[in-house]
Structures are given as C-alpha cells and as structure tokens.
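Q: Could you take a close look at one part of this model for me, the place where the two chains meet, and walk me through the charged pairs there? A quick word on the cysteines first would be handy too.

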Amino acid sequence: MAENVTARVRAPREASAGEVVSVRTLISHPMESGMRRNGDGEVIPRSIINRFVCTLNDEVVVDITLEPSISTNPYLQFEAKVTESGTFNFTWYDDDGSVYEESSDISVS
Amino acid sequence: MNTKSKIATIAVALGMAASSSISHADEDADLVVNGEIEMVVRTAAPAHLEGAVSTIYSGWVFRSDETQAMQADDFDNPGMLFVEKGEQLFNTAMGADGQSCASCHQSSDLTNVRATYPQWDAEHSEVQTVEMQVRECQTEQMGMEEPWGINSGDMLDITAFIASIGRGQIVDVAIDGPAHETWELGREIYYTRFGQLELSCANCHEENYGNRIRADHLSQGQINGFPTYRLKNARLNGVQNRFRGCVRDTRAETYGIGSDEFVALELYVASRGNGLTVEGPSVRN
C-alpha cells in the first residue's frame with residue numbers, strides 16, 4: 001500500500017481553438033518494482049501506478065500503461081489539441097486498487 | 001605527409017568528433033526559477049579566496065542543459081516534493097507539549113536561515129549547522145527525547161523546506177569573530193590530501209573545476225544548492241553526506257556526519273560561496 005500519494009497537474013487555463021497545449025502531471029509514488037529484496041532477503045512486493053488516463057470532455061487524450069521499471073514519482077508530459085472549453089480529467093490506477101483523480105478546467109476562445 | 005603527421009591528423013579529427021557528441025553544459029546560462037527568483041550562479045569570489053579563485057560558480061552552471069532546466073521550474077524539480085513534506089512537518093505537532101516548529105516560527109521569518117548557516121551559537125559555544133539548530137529546538141524547546149537524525153529523511157525534508165523559503169538570498173556566512181577558529185579548521189581540511197588517492201577538496205574543486213574527471217564534469221563544490229536532489233539516487237542529499245561521499249571516493253576513512261570536522265568543513269565551504277544565492281533544493285546528477 002503506497003502512502004502519501006499526491007497527484008499534481010499543470011495544464012493551461014486558457015487556449016485558443018485548435019491550439020496544441022502541453023500538459024504536465026506528477027504523482028508522488030514509490031514505484032516499487034517488485035524486483036528488489038529487503039535486508040532479510042525477502043522480496044519487497046511490487047507497488048506501482050500501472051495505468052494513467054487523461055480525458056478532455058470525456059474524449060481520451062492519452063491512456064498509458066506504466067511498467068515496473070519506471071522511476072519513483074512518475075512525471076508524464078504530453079500534448080493535447082483543444083477545440084472547445086472543457087475539463088481535463090486525470091486518473092492514476094495503483095496496483096493496490098486505489099484510484100487517484102485530478103481535474104483541470106480550460107477555457108478555449 | 002609522413003606517418004607521424006598522419007596519425008596526428010587522425011587524432012585531432014577523432015578528438016573533435018568525440019567532443020561534439022558529448023552533451024556540454026551551458027556554462028553561460030542564467031538561472032531564474034519559476035520566472036521570478038533570480039539566482040546568482042556566478043560572481044566575484046569573496047575576499048578570503050584571493051589568489052585561489054577569482055570567480056565563484058554555482059554547481060548548476062556545470063550541469064547538462066536538461067538538468068539545468070529541471071531546476072528552473074518547481075513543477076519539474078523533484079526536490080520540491082520533499083519541500084512539500086517538509087512544510088507539513090513544519091506544521092506538525094512533535095514536541096512533548098504538542099508544539100510544532102510553527103508554534104514559535106513563522107516560515108517567513110526564516111528566509112535568511114539557509115544563507116547564514118553554519119553560524120556561531122553563543123549559548124553552546126560552537127558553530128551550528130541548520131540540522132544542529134533543528135535538533136537543539138527539538139530537545140531544548142520542544143522536549144523531544146529523540147531528535148531527528150542529522151541525515152534522516154525528516155531532517156532532509158525540513159531543511160529542504162527551510163532552504164526553499166530562502167531561495168534567492170545571497171549566501172553570507174560569518175567567518176570572523178568566534179567562528180573563525182572553526183573556519184580555520186575547515187580550511188585546513190579543505191586543503192589536506194586524504195585517502196589512498198591523496199586528493200584534497202582543492203585538487204578537484206579549486207584546481208580543476210570545469211575539467212572532467214572521467215565522465216564527471218567537475219564543479220567548484222559549492223554547497224549553496226543543498227539539500228540537493230540527485231538524479232542518481234532520486235532523493236535529497238545533505239551536504240555532509242556529500243562530503244562523506246567525496247572523502248570515501250578518495251579511498252579514505254571518512255569523518256562522520258555531524259562530526260566537528262565536517263561542521264568546520266561545511267562552514268568553510270559555505271564561506272567559499274559567499275555571494276552566490278541559496279538554491280536548495282537544487283537538482284544535480
């Protein structure tokens with residue numbers, strides 16, 4: 001069970017129609033690979049964010065599968081073409097079943 | 001063309017090809033964090049370095065373009081995650097009577113702390129680092145029986161928070177008065193060769209900064225960016241832990257974190273950066 005997981009998003013609040021905007025996300029998470037052993041030689045159980053989805057007005061922008069070799073605190077940056085005002089929804093899926101959500105509004109003129 | 005000059009020509013061509021493929025740091029770039037905190041990454045050396053170094057450079061100057069960019073924006077700086085934790089700790093009750101740091105201190109009153117430590121503590125007649133000051137508060141003001149370890153995660157988080165609120169302040173540690181004796185000890189350690197490799201701090205960081213030591217681009221070893229987020233271990237690193245790593249790499253038995261020797265060295269090395277700005281938490285490789 002990952003502790004102190006906090007999701008953060010940096011997306012523009014305003015854009016012009018048809019513009020391609022850059023979206024950055026960061027989630028604090030240990031991303032324990034499941035390949036390491038502790039001092040007693042026991043395998044530390046895998047605990048990672050395994051999927052990330054961003055939608056804009058319910059249309060998928062990116063749907064990413066994350067694998068165990070991704071570093072701690074995954075930082076994802078991608079681009080989205082915006083045509084109308086709306087809301088970005090961001091969802092991170094944890095191995096332990098937790099789901100972390102964030103959103104960010106954008107007004108398009 | 002005789003054989004000798006042919007070989008020389010080939011060597012020059014190879015040398016040029018190799019240097020163009022290495023990602024060089026932009027040593028002329030300026031650092032402005034979040035578009036608002038203007039950092040001094042190069043300036044005239046303080047008076048006590050006369051004859052040794054004329055210009056002092058932040059370690060940021062020697063890092064690759066990508067690493068430099070990470071520090072220019074708090075969202076991209078992974079060290080800021082630990083600053084957030086440090087801010088929570090600052091407001092967390094930990095004392096015997098439920099005191100937090102915030103019970104006595106407004107964080108806005110602490111903006112000059114990172115820039116002026118290590119400094120002389122008259123009450124205890126010793127030079128204190130920020131970590132020692134935190135531990136003093138914990139045991140003497142807050143009644144904690146077990147203060148945080150100097151190199152513990154909590155300590156790194158809170159010192160990163162304290163550094164972050166002082167970013168942009170000019171480093172100005174006092175080396176005269178009662179602290180001078182400790183400063184002299186630190187200076188002696190800086191110029192003493194250690195270990196099987198017989199290297200002093202000065203051999204790399206004064207005589208050879210800007211050159212490469214195998215794959216590493218040597219900086220001046222300035223500590224204005226500590227605690228530092230290192231990409232190699234993906235966490236914050238305290239300054240004395242860094243000292244320990246350096247001394248270990250000379251193949252010497254190192255001083256301990258919190259030892260009198262490292263406190264003296266921290267004061268001396270900090271004073272070599274008088275005039276640079278506080279950058280902690282900086283991003284380094």
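A: Let's get the cysteines out of the way. This is a predicted model, and in it the sulfur of C104(B) has its closest cysteine sulfur in C137(B), 7.2 Å off, which is too far for a bond. Seen from the other end, C137(B) likewise has C104(B) as its closest cysteine partner, at 7.2 Å, again too far for a bond. With a cut-off of 2.5 Å for a disulfide, that pair doesn't qualify. The two also sit in unlike surroundings: C104(B) is exposed at 66% relative accessibility, whereas C137(B) is buried at 19%. Searching the whole structure turns up zero disulfides over all chains.

Now for the interface. On the chain B side six residues make contact, and they touch ten residues of chain A. Together the two chains bury about 810 Å², with 57% of that on carbon and sulfur atoms. Within chain B, the residues that lose the most area to chain A are F75(B), D76(B) and L81(B), which together account for 69% of what that side buries.

Next, the charges. The rule picks out four salt bridges across the interface of chain B and chain A. By class, the side of chain B that touches chain A holds three nonpolar and three charged residues, and no polar ones. Polar contacts between the chains come to four residue pairs, counting those with both residues at pLDDT 80 or more.

One of the salt bridges joins R8(A) to E84(B), with the closest N and O atoms 2.5 Å apart. Another is between R24(A) and D76(B), at 2.8 Å from N to O. That pair crosses between chains: R24(A) belongs to strand 3 (residues 20-27) of chain A, while D76(B) lies in the loop between helix 2 (65-71) and helix 3 (79-90) of chain B. Both ends are tucked away, as R24(A) is buried at 15% relative accessibility and D76(B) is buried at 19%. Recall that D76(B) is also among the residues of chain B that lose the most area to chain A. And this pair doesn't stand alone: R10(A), R24(A), D73(B) and D76(B) are linked in a network of salt bridges.

For context, here's what goes on beyond the interface. The whole structure has 14 salt bridges over all chains, including a couple within chain B that are worth a look. D216(B) pairs with R63(B), the closest N and O atoms being 3.8 Å apart. This one links distant parts of the chain, 153 residues apart: D216(B) is in strand 8 (residues 216-217), and R63(B) is in the loop between strand 4 (55-57) and helix 2. Its ends differ in exposure, with D216(B) partly exposed at 34% and R63(B) buried at 7%.

The other is R272(B) with E206(B), at 2.8 Å from N to O. Here too distant parts of the chain are linked, 66 residues apart, from helix 11 (residues 260-272), which holds R272(B), to the loop between helix 9 (201-205) and strand 7 (212-213), which holds E206(B). Both R272(B) and E206(B) are buried.

Technical notes: Residues numbered from 1 in each chain as written. Chains lettered and ligands numbered in written order. Predicted model: local features only at pLDDT ≥ 70, side-chain atom pairs only at ≥ 80, totals over all residues. Heavy atoms only, no water. Contact = heavy atoms within 4.5 Å. Buried area = accessible area lost by both parts, 1.4 Å probe. Salt bridge = Lys/Arg side-chain N within 4 Å of Asp/Glu carboxyl O. Polar contact = N/O pair within 3.5 Å; in protein donor to acceptor, adjacent residues only side chain to side chain. Nonpolar A, V, L, I, M, F, W, Y, C, P; charged D, E, K, R; others polar. Buried < 20%, exposed > 50% of the residue type's maximum accessible area, 1.4 Å probe, protein only. Helix = DSSP H or I, 4+ residues; strand = E, 2+ residues; numbered from the N terminus.
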